[in-house]
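Reader: I've got a structure on my screen and I'd like to go through it with you. Can we take it one question at a time?

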Amino acid sequence: MDQDCLFCRIIAGEIPSSKVYEDEYVFAFRDINPQAPVHILVVPKKHICCACGINENNSLYVAKCFEAIAKIAKQEGLMNGFRVINNCGEDGGQTVMHLHFHLIGGVKLSEKIL
Ligand code: AMP
Ligand code: ZN
């Protein structure tokens with residue numbers, strides 16, 4: 001737990017969020033500024049700064065995030081598909097330095113950068 005980290009404080013319940021899923025490893029909640037009908041942030045309960053901070057000691061949390069994404073997508077009725085986005089670092093547009101995956105869907109997504 002990093003006291004200065006927004007997402008650590010959300011996970012700890014110190015800052016309110018609209019929770020959609022929680023287990024031992026993962027916390028997921030609705031993005032405050034949704035970019036699609038479904039926009040959920042899937043966050044490891046361990047403070048990992050970004051994709052560059054993933055290593056052999058914490059990668060289980062990342063795997064658990066993706067297990068959770070599959071469950072949440074089902075829960076949210078995203079049977080037609082969805083997009084998962086991770087922004088890493090300044091050039092990647094990351095604004096909250098606690099690793100998170102944007103789960104976006106509920107509409108046909110057209111904008112592509114790849
Ligand atoms: P990123 O730019 O990839 O670091 O994503 C950070 C995301 O966190 C943005 O989409 C914000 O809208 C979202 N966000 C910031 N503060 C909150 C909050 N208190 N509750 C929910 N989402 C938030
Ligand atoms: Zn954190």
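Reader: Which element gives the largest share of the shell around ligand 1?
Author: Keep in mind that this is a predicted model. Helix 1 (6-11) and strand 2 (26-30) each supply at least two residues of that shell. The largest share is 3 residues, and they come from helix 1.

Reader: Okay, and how many charged residues does the shell around ligand 1 have?
Author: Let's sort the shell by class. There are 7 nonpolar and 7 polar residues in it. What's left is the charged class, with 2 residues.

Reader: Which residue has a side-chain N or O atom 2.5 Å from an oxygen atom of ligand 1?
Author: Of the 16 residues around the ligand, Asp 31, Asn 87, Thr 95, His 100 and His 102 come nearest. Thr 95 has a polar backbone atom 2.7 Å from a ligand oxygen, so that one isn't a side-chain pair under the polar contact cut-off of 3.5 Å. For His 100, a side-chain N or O atom is 2.9 Å from an oxygen of ligand 1. The 2.5 Å pair involves the side chain of Asp 31.

Reader: How much of ligand 1 does the protein bury?
Author: Start with the ligand taken alone, which exposes 500 Å². The share of that area buried by the protein is 82%.

Reader: And what's the volume of the pocket where ligand 1 sits?
Author: First, pick the right pocket: ligand 1 sits in the largest one. That pocket is lined by 32 residues, with Gln 35, His 39, Asn 87, His 102 and Ile 104 nearest its centre. Elements giving two or more residues to the lining include strand 3 (38-44), strand 4 (82-85) and strand 5 (101-105). The volume of this largest pocket is about 910 Å³.

Reader: How many charged residues are in the lining of the largest pocket?
Author: Go by class again. The lining has 15 nonpolar and 12 polar residues. The charged ones number 5.

Reader: Last one: what volume does the second largest pocket have?
Author: You can find this pocket by its lining, which includes Gly 77, Phe 82, Arg 83 and Lys 108. By class, the lining divides into 5 nonpolar, 4 polar and 2 charged residues. The volume comes out at about 170 Å³.

Conventions
Residues numbered from 1 in each chain as written. Chains lettered and ligands numbered in written order. Predicted model: local features only at pLDDT ≥ 70, side-chain atom pairs only at ≥ 80, totals over all residues. Heavy atoms only, no water. Near = heavy atom within 4 Å. Polar contact = N/O pair within 3.5 Å; in protein donor to acceptor, adjacent residues only side chain to side chain. Areas by Shrake-Rupley, 256 points an atom, 1.4 Å probe, with all protein chains shown as cover. 1 Å grid on protein atoms, 1.4 Å probe; cavity = no way out; pocket = protein on both sides within 12 Å on 5 of 7 lines; lining within 4 Å. Sits in = over half its atoms within 2 Å of the grid points. Helix = DSSP H or I, 4+ residues; strand = E, 2+ residues; numbered from the N terminus. Nonpolar A, V, L, I, M, F, W, Y, C, P; charged D, E, K, R; others polar. Points joined across faces, edges and corners; volume = space filled by probe spheres on them.
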